[in-house]
Amino acid sequence: MTALAGLLAQILNGIQYGLLLFLISSGLTLIFGVMGVINLAHGSLFMIGAYLAYVIASVTGSLWLALPAAILGGVLFGALLERGLFRRFRAREHLDQVLLTFALILLFEEARAALLDNQFHSVPVPAILDFSVPVIGGFAYSAYRLAVLVICLGVAGLMVLFVERTKIGSAIRAAAEKPEMVDLLGIDAGRIHTLVFAAGTALAMLAGALAAPLQSVYPGMGDGFLILSFIVVVIGGLGSIAGAFWSALLIGLIDTLGKAYVPQAAGIAVCALMAVVLLWRPTGLFSRA
Amino acid sequence: MRPLSRRFMLAGSAAALATPAIAQGAPLKVGLMLPFSGTFAALGENIAAAFELCLQENGGKFGGRAVTLVRLDDESDPAKAPANVNRLLGRDNVDALVGTVHSGVVMALVQAAREKEVPLFIPNAGNVAATRDLCSPSVFRSSFSNWQPAYGMGKALAARGVKKAAWVTWDYAAGRESAEGFRDGLKSGGAELTQILTLPFPETNFQPILAQLPGLGVDAVGSFFAGGGAIQFVKDYAAAGLRDKLPLCGSGFLTEGVLKPQGAAAEGIQTALHYGDGLDNPKNKSFREAFQKMTNRSADVYAVQGYDAGQMLAVGLAGTKGDATAIKALGAAIRAARIDSPRGAFTLSASHNPIQTIWLREARNGENRVIGAAAEALADPGTGCKMA
């Protein structure tokens, strides 16, 4: 009985972790799919969102303000980055783009160290959600953790609606899957790029802000997420939102269950899965190619 | 102004080289290599201030010799540690070293102290190696080994009737060393450490570990975390609803200096450390008053360790009439002494680590109140120490 309860609790942990991972990797897969840019700085954007939440929460005392701030700030910051930097690298080789995003990591890290410090900071959970709900077999979940789970599901739903049901959404899908169609239809690819990069940045920063009370904020907090997000993108298929969703859940579950039941192999389990998928379906589980 | 003072200093160091170190007139230089910036800055400041307090109480002299202090910020950066040690020994010509907080940085100090036979006093870093395999006649510790507080915690749990316990920590040296202490402490009372759960440093996704705990069949959970990780772990532990079913305890650092952000989640957590709030002895009382008066801050465990590093150096130099190069006589004097510490008097083991009482504390209203002794006169096993 306790073993089963433990398993169910771990599955819940895995789903919650996977949904957070989806928030980060959905932006990465869009940017990758639409713009063809391997954005190594995506983990830093996650970190920036978390530090933004820390600063806003400690100045105003409210984490709630941090969520819209992360979204708005992310949209503006992302648009600025795309217009100011990435646009100029569009025609360049992948290596140049990778170098650009790597330089951004260093810049963001230095800026963080200069503006704040290198300390570990905890971010308090909003007072209204500062209680726990018993879930399974003597294991409780903090209300905030459940709220994050619901918010991530909501954002995922909105994204699927947006990408599948709206005109701009179909243009984005077209840009990801058949770039030449976008030009044929007379859609401005530049605007789509700005939109996608802004949305991807906002998603990463929102994920960071949501994760701040769950993980604390500290230098390099986005590194682990960056690697996992790349694995999610590769397994899900480049540019596929649905693919990112299901593979994020899969990775979240495997990573969590691995850490719980075979801690020695937890680090390898996720990479092994990626290797298998690459051998079996090189374009990813959900790619339409 | 600058070139002049530099030349003056060069002349000074040349003179220091030329004259025998025993020259009674020359002041003794002590290098304080501590973190004065970054995460551990507050710890470094308290250690340095308490060391200075000890010096003041001795009239500015140790062993009859005037002492000047040279402060150097080690930034808690292991990469810069060897260069920093060289600066103190080579440029500043210090006669004794005090440092440091970070376990990675302290290894450069230990190495230099061993090679150059300069006395080193470690006022915090708890890596067991410094007083085990890497022990040396010139290396002394005024703080603790990572093994000690965890041993005390394990012993106290066993004494309370706990039969099986698990240990949760980051997968790094301090975590592993404290896990061994916990295991040995439990074993001393017939209890068993059944599981060690680790996660990579400094990861804070504790959920996969927390969800396992109810299914482990243990009576208690011990842990080693410090700083921000300790805050998050204690809060997540409470949020997972485990507090009432599985009492959480740990090495004292779990609740040291972080009780305020931990809030209600920390209430009632028992930890073991060589110091705590409300220790009732005259030395502690006078020390806390003097430290408060000097710095306008409350003394903490780090201040105590800095103060005792000063006391140890004072006792050693008193035994050599101010000669810091007479390592053998210095060590003999320190080992023979009873250091009247605010934590309670202690002596030094053969491997130069304090034989001290590990106190059991309980977190109440923002304080780590001492509620008894977890292990009295506890010595680190000093395994592997071969001191000539």
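## Exercises on chain B

In this predicted model, B:Ile122 has B:Arg141 as its bridge partner in β6(B).

**Exercise 1.** Place β5 and β6 of chain B in their sheet, and say which strands stand at the edges.

*Solution.*
- Start from the pair. Strand β5 of chain B covers residues 120–122, and three bridges join it to β6(B). The two strands run parallel.
- Widen the view. Six strands of chain B make an open sheet, ordered β2-β3-β1-β4-β5-β6. The pairing is mixed.
- Find the edges. β2 (61–62) and β6 (139–141) of chain B each have a single partner strand, so one side of each lacks a neighbour in the sheet.

**Exercise 2.** Which strands of chain B does helix α4 of chain B lie across?

*Solution.*
- Locate the helix. α4 of chain B spans residues 103–116.
- List the strands. This helix lies across β1 (28–34), β4 (96–98), β5 and β6 of chain B.
- Add the angle. α4 of chain B runs at about 155 degrees to β5(B).

**Exercise 3.** Describe how the two domains of chain B meet.

*Solution.*
- Set the bounds. The domain assignment gives domain 1 as 2–144 + 279–352 and domain 2 as 147–273.
- Take the spacing. Their C-alpha centres lie 32 Å apart.
- Count the contacts. Eight residues of domain 1 touch ten residues of domain 2.
- Sort by class. The domain 1 side has three nonpolar, four polar and one charged residues.

**Exercise 4.** Which element gives the largest share of the side of chain B that touches chain A?

*Solution.*
- Count first. 22 residues of chain B contact 26 residues of chain A.
- Name the contributors. α7 (207–210) and α8 (227–239) of chain B each give two or more residues to this side.
- Choose. α8(B) gives the largest share, six residues.

Key. Residues numbered from 1 in each chain as written. Chains lettered and ligands numbered in written order. Predicted model: local features only at pLDDT ≥ 70, side-chain atom pairs only at ≥ 80, totals over all residues. Contact = placed C-beta atoms within 7 Å. Helix = DSSP H or I, 4+ residues; strand = E, 2+ residues; numbered from the N terminus. Domains from an automatic or database assignment. Nonpolar A, V, L, I, M, F, W, Y, C, P; charged D, E, K, R; others polar. Pairing = 2+ DSSP bridges. Axes fitted to C-alpha atoms, helices over the stretch in contact; angles between N-to-C directions.
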